[in-house]
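Colleague: Before I rely on any of the labels attached to this model, I would like to hear the reasoning behind them. Could you take me through it?

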Amino acid sequence: MNKRALLASAGAALAAVLAVTQPAGAAGAVLTTGSASGPSVAVGDVLAASLTSGTTAKIATTSGGSTGITCNASAFSATVTSNPAAPGTATETLTSHTLSTCTTNILGATGVQSITVNNLPYTTAVTSGGTLTVTAGSTGPIQTTLKINTILGVTTCVYRATSLTATPSNTDNSLSFSNQQFTKATGPGTCPANGYFSAKYGPVQDSTQAGAPVFVN
């Protein structure tokens with residue numbers, strides 16, 4: 001075998017080794033860690049974030065309004081179920097979403113006893129265009145139950161949404177919800193007819209990979 005043939009054979013062998021040892025979708029995926037050109041987020045990895053430092057989560061009674069509920073703590077976690085090459089759509093299962101340390105300035109309310117996100121898990125889809133969409137899973141609609149303390153006792157208000165959208169940003173690895181509408185499903189007349197949810201979470205991190213920041217491509 002001549003020198004040229006030996007080099008070609010060695011090159012083919014190296015390519016075969018790389019094809020076997022490099023994880024599928026290791027580069028150019030919709031979701032990557034560390035940087036936009038970093039390694040892909042693996043299926044099964046858990047992504048998580050709490051509120052961006054110095055921000056709060058709000059549920060306003062009108063779009064962009066100042067009356068409603070403000071929460072100083074909120075967090076979510078989701079498991080990646082698919083992460084194709086970009087451009088494309090990655091999917092996740094939202095398994096946890098909490099809101100706590102909440103106050104209210106709704107007329108007649110004296111405090112917030114609890115806010116519970118029901119019917120988890122939800123399904124999320126993240127597109128290369130920079131939009132995240134949350135839709136209901138198999139357990140029921142997107143639903144949140146609010147228990148509000150009033151001068152007459154505890155009032156329970158249940159709200160539902162068809163879907164929610166958020167905007168991811170690679171600048172600070174954040175995810176922002178703005179005025180996402182929930183409509184009252186059950187509750188007395190003292191419960192506001194609608195709730196508009198706004199919050200900014202970040203940095204979104206891959207907790208399976210030592211908290212590496214997540215980028216959307």
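Modeller: What follows takes the disulfides, the burial of their cysteines and the cavities in turn, and the model is a predicted one.

Colleague: What makes Cys71 and Cys102 a disulfide?

Modeller: The sulfur atoms of Cys71 and Cys102 are 2.1 Å apart, and the cut-off for a disulfide is a pair of cysteine sulfur atoms within 2.5 Å, so the pair qualifies. Cys71 lies in strand E4 and Cys102 in strand E5, residues 89-104, so the bond ties together parts that are 31 residues apart in sequence.

Colleague: How do you know whether the disulfide of Cys71 and Cys102 is right-handed or left-handed?

Modeller: The torsion about its S-S bond is about 105°, and therefore the disulfide of Cys71 and Cys102 is right-handed.

Colleague: The structure holds two disulfides; which cysteines form the other?

Modeller: Cys157 and Cys191 form it, with their sulfur atoms 2.0 Å apart, which again satisfies the limit of 2.5 Å. Cys157 sits in strand E10, residues 153-161, whereas Cys191 belongs to the loop between strand E12 (174-186) and E13, 34 residues away in sequence. Here the S-S torsion is about -80°, so the disulfide of Cys157 and Cys191 is left-handed. With the bonded cysteines of the protein numbered in sequence order, the pairing reads 1-2, 3-4.

Colleague: Why is Cys157 called buried, and why does Cys191 count as buried?

Modeller: The label requires a relative accessible area under 20%. Cys157 has 1% and is therefore buried, while Cys191, at 3%, also counts as buried. Cys71 and Cys102 are both buried as well, and buried residues make up 37% of the 217 residues in the protein.

Colleague: What makes the space inside the protein a cavity rather than a pocket?

Modeller: A cavity is a set of points where a 1.4 Å probe fits but cannot get out, whereas a pocket is open. Two cavities of 30 Å³ or more are present, and the largest holds about 450 Å³ of space. Of the 35 residues lining the largest cavity, Phe76, Leu94, Val134, Leu175 and Phe177 are the closest to its centre. Its lining divides into 25 nonpolar, nine polar and one charged residue.

Colleague: How many residues of each class line the second largest cavity?

Modeller: That lining has eight nonpolar, four polar and no charged residues. Among the residues lining the second largest cavity are Ile59, Ile69, Tyr159 and Asn194, and the cavity has a volume of about 80 Å³. Strands E3, E4, E9 and E13 each supply at least two residues of this lining.

Note on methods
Residues numbered from 1 in each chain as written. Predicted model: local features only at pLDDT ≥ 70, side-chain atom pairs only at ≥ 80, totals over all residues. Heavy atoms only, no water. 1 Å grid on protein atoms, 1.4 Å probe; cavity = no way out; pocket = protein on both sides within 12 Å on 5 of 7 lines; lining within 4 Å. Points joined across faces, edges and corners; volume = space filled by probe spheres on them. Nonpolar A, V, L, I, M, F, W, Y, C, P; charged D, E, K, R; others polar. Helix = DSSP H or I, 4+ residues; strand = E, 2+ residues; numbered from the N terminus. Buried < 20%, exposed > 50% of the residue type's maximum accessible area, 1.4 Å probe, protein only.
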